[in-house]
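Student: I've got a chain to look at and plenty of questions about the words people use for it. Can we go through them together?

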Amino acid sequence: MTTWIINGKIWNEASGGTELMHVRVEEGRIAEITSEAPASGDYEVVDATGKLLAPGLIDMHVHLRDPGFEHKEDIATGTLSAAKGGFTTIACMPNTRPVTDTPETVSYILDKAQREGAVKVLPYAAITKNELGRELTDFEALKAAGAIGFTDDGVGVQSAQMMKDAMALAQSLDRPIIAHCEDDSLVVGGFVSEGEFARRHGLKGIPNESEAIHVGRDILLAEATGAHYHVCHVSTEQSVRLIRLAKQLGIRVTAEVCPHHLLLSDEDIPGMDPNWKMNPPLRTPRDVEAMIGAIEDGTIDMVVTDHAPHSAEEKGRGMELAPFGIVGFETAFPLLYSRFVATGRWSLGFLLRRMTSDPARVFGLDSGRLEPDAPADLTLIDLDEERAVDPETFVSKGKNTPFGGWKLQGWPVLTMVGGRVVWREAQ
Ligand SMILES: NC(=O)N[C@@H](CC(=O)O)C(=O)O
Ligand SMILES: [Zn+2]
Ligand SMILES: [Zn+2]
């Protein structure tokens, strides 16, 4: 079957602008990109007039909550939420119930995603059994089942020896270690960062070193083992300094940052509102500046959402007791487009790279590019329409966001995966 996507605006790096193009899709892949309008014939048409036509966005850090926490999200709702946000490939974290620490659970996720998923799902498996930090999982069997990397996201691996063993094993299997960096001995009891908000409310804060101390430790272990070490949701200036140095030294380290750590500091927290509680916490304005500098100079390779849905009941327990985490799929692109591209700080091409080709390069994925023979994983985005964020319209089960009411532009309107339309905004 042939589909023509007509009149799309495609980013052209050479000219630093967009140009009007038509894309022919055959057998789930891009067959042709041309400025010549197609002759009439027997094909399906997707009209992209007035819209940006971009490679499908890639999100290498998400929580689908399935199996085990389906009241927060499941594979069907999570992937549909991703599709609505313009994402076509997502990598899901193993802090499920049971924890994704056996080949059976990896297979469960892949099978269910195949049957019910709107977008491509790449599962990570746990580093340690039940993410308890005591015993390594069977990396080889997990890789054979389809795990693309290993992580205990949600908690830090506390033992350096355990992390070193994990890296050595991951290296021998040519798979990355993805690390949630947090030293438990430095965070006891804190739920916001050490800073203005904590001082004002008399709260014990989470110090920046609790993250950076793991980053520093793990960079040394990556150097010693040769493993590909990827740092989760970087949030502190200290971590950025260490990653920058490690890259200069040629150590195999890569990193990600979330939109909220690029846009919000602890000083923006309006009060004791659990929608502003996430891990890592919002840091100081100085850290936010460091995140922006690091994504701009390539110290941080990519943007991820860390989409972390929780139920209204769970988030309703108050700041102290509510779980950490905010949803991310349905606001990520409009947030970054509105705050960094529409304001003239970044080019559109730069933002797209950090959400498509850069994650694809780091994780060796066959997507994230708009060129002949690439998979037809595409997203159409309305760059002009301005609309306020309304959590009640999210297709995710999670409505937990600090961005409700924000007026944004750059809303995805259609998402295609492997040549199939998986999301279309009602006109
Ligand atoms: N980011 C969060 O605040 N929460 C994540 C865990 C994690 O990403 O560490 C979750 O699973 O809810
Ligand atoms: Zn984490
Ligand atoms: Zn996470």
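Tutor: Sure! Let's start with the word "domain": domain bounds come from an automatic or database domain assignment. Keep in mind that this is a predicted model.

Student: What makes residues 2–52 + 375–424 domain 1?

Tutor: The domain assignment does: it gives domain 1 as 2–52 + 375–424, and domain 2 as 56–363. The centres of domain 1 and domain 2, taken over C-alpha atoms, are 26 Å apart.

Student: How do you know which residues of domain 1 are in contact with domain 2?

Tutor: Two residues count if their C-beta atoms, placed from the backbone, lie within 7 Å. That gives 28 residues of domain 1 in contact with 40 of domain 2. On the domain 1 side, β15 (378–388), β16 (407–417) and β17 (420–424) each supply at least two residues. The largest share, 7 residues, comes from β16. By class, that side has 15 nonpolar, 9 polar and 4 charged residues.

Student: Why are β1 and β2 said to pair?

Tutor: Pairing needs at least two bridges. Strand β1 (residues 2–12) and strand β2 (residues 17–26) have 9 bridges, so they pair, in the antiparallel sense. Gly8, for one, stands opposite Met21 in β2. The hairpin of β1 and β2 has 4 residues between the strands, and Gly16 takes a positive phi near 70° there.

Student: And what makes β1 and β4 a pair?

Tutor: Use that cut-off of at least two again. There are 4 bridges between β1 and strand β4 (residues 44–47), so these strands pair too, and they run parallel. Here Ile5 stands opposite Val46 in β4.

Note on methods
Residues are numbered from 1 along each chain as its sequence is written. Chains are lettered from A and ligands numbered from 1 in the order in which they are written. This is a predicted model: local features need pLDDT of at least 70, side-chain atom pairs count only at pLDDT 80 or more; totals for chains, interfaces and linings use all residues. Ala, Val, Leu, Ile, Met, Phe, Trp, Tyr, Cys and Pro count as nonpolar, Asp, Glu, Lys and Arg as charged, and the others, Gly among them, as polar.
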